[in-house]
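Here is a short round of questions and answers on one model. Have the coordinates open as you read.

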Amino acid sequence: MSAPETPYPSHQDRGFAHASEAEFARILDFYEVRWEYEPQVFPILWDLAGSVLESFAPDFYLPDIDLFVEMTTLQQRLVRKKNRKVRRLRELYPGIRIKLFYARDFRALMLKYGRSALVAELSGTVGQVGPRQEAEATLEASPDATIETSPVNGERRSRTARRRAGRKAAAHAAESPTS
Amino acid sequence: MKHSHDLHADVAEVLLSEDQIRAKVAELGQRITADYAGSEVTLVSVLKGSLPFMADLMRQIDLPLRIDLMEVSSYGGAAIESSGLVRILKDLSAPIDDRHVLLVEDIIDTGLTLNYLLRYLRGKNPRSIKVCSLLDKPARRLVEIPLDYVGFEIPDAFVVGYGLDYGEVYRNLRFVGVLRPEAYES
């Protein structure tokens, strides 16, 4: 097979927010599907003055098939928030193709590849720990706080922590034996 | 892997009976025969899951044809430890340049393997290349690829039988069934 025009990014090159994202990147690498990690931020909520109140950065973009993928292998109570963001994104940017990858999708993928024993390590609270969960739990409990605390900046701060935690979890999962 | 010695007992539900599969394969064979009338086609089967489907389908196609077999490593297998990339474990045994190729698959779910294989096979300059899959599980699709011939669109469940396995077991079931979660959950 001829080499692609753009080199495939390696999952080892990036700090992922969640271990499941690292595993997903590993799968894409394996099948030589090019991907970009959080390449674009879409504003999805503005105030009356036109300032961005909320934005959404899907986890992956697959340029060869023009598809964004958002992973939601978190707890169910946080999935509702992502569903809302994806719905809003589709309303505002109808030309964007995005697939929401739920925990059940991830489990099925792991089952297919005989890695079901790793699902617990790569999902939910084990796969992603740290400040983001606390921040999102707070926002979930108090929706008004989204506007008060400027979620764009808030999300960036927590994402750094997410990546740190995700790197640790991904490294741990990569060292684990396959089932 | 906790499969019992009674393979049938691990199946929660028969999704496609032997009779349903037989009838559908005959129907696909007729369509392929009509579409490729006057041409010679090379059927390429992807080991191991497609083997029963290939064996039955080729006998329902009333055309001069050749067959060939390929096998690629799957993510999560031994190959990932060494290279991290998909590998061709068994390549075609004859050239396909300027030939009509029909890729025969057991199931298409994410489309990742199919996407890889089509790119690989197109690099060998066939005259045409089409895809025939017995099963299509669109709920799991990541890479959208047009499928030329599809036997059955199936729901989002883990299925085994008629070539499809879990941990290399269940391929020899004559039907396609939904595997009980107890058979794969630890």
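**Contact, core and sheet**

Q: How many residues does each chain give to the contact between chain A and chain B?
A: Residues are in contact if their C-beta atoms, placed from the backbone, lie within 7 Å. This is a predicted model, where local features need pLDDT of at least 70, side-chain atom pairs count only at pLDDT 80 or more, and totals for chains, interfaces and linings use all residues. Residues are numbered from 1 along each chain as its sequence is written, while chains are lettered from A and ligands numbered from 1 in the order in which they are written. The contact takes 19 residues from chain A and 22 residues from chain B.

Q: Which element gives the largest share of the side of chain B that touches chain A?
A: Helices (H or I, at least four residues) and strands (E, at least two) are DSSP runs, numbered from the N terminus. The largest share is six residues, and they come from residues 112–122 of chain B, helix H4.

Q: Which residues touch the most other members of the largest nonpolar core?
A: Such a core is a set of buried Ala, Val, Leu, Ile, Met, Phe, Trp, Tyr and Cys residues joined through C-beta atoms within 7 Å. Buried means 20 or more other C-beta atoms within 10 Å of the residue's own, placed from the backbone; exposed means 12 or fewer, partly exposed in between. The largest core has 64 residues, and those touching the most other members are A:Tyr31, B:Leu102, B:Leu103 and B:Val104.

Q: Which helix gives the most to this core?
A: The top contribution is seven residues. They come from residues 19–30 of chain A, helix H1.

Q: How many residues of H1(A) are buried?
A: H1(A) is mostly covered. Among its buried residues are A:Phe24, A:Ile27 and A:Phe30. The count is eleven of twelve.

Q: Why do strands E4 and E7 of chain B each have one side without a neighbour in the sheet?
A: Strands pair if DSSP finds at least two bridges between them. The open sheet has six strands with mixed pairing, in the order E4-E3-E2-E5-E6-E7 (chain B). E4 (88–90) and E7 (149–153) stand at the edges, so each has a single partner strand.

Q: What angle does helix H1 of chain B make with E7(B)?
A: Axes are lines fitted to C-alpha atoms, for helices over the stretch in contact, and angles run from 0 to 180 degrees between N-to-C directions. This helix (residues 18–35) packs on the sheet, touching E5 (100–108), E6 and E7 of chain B. Its direction makes an angle with that of E7(B) of about 160 degrees.

Terms used: Contact = placed C-beta atoms within 7 Å.
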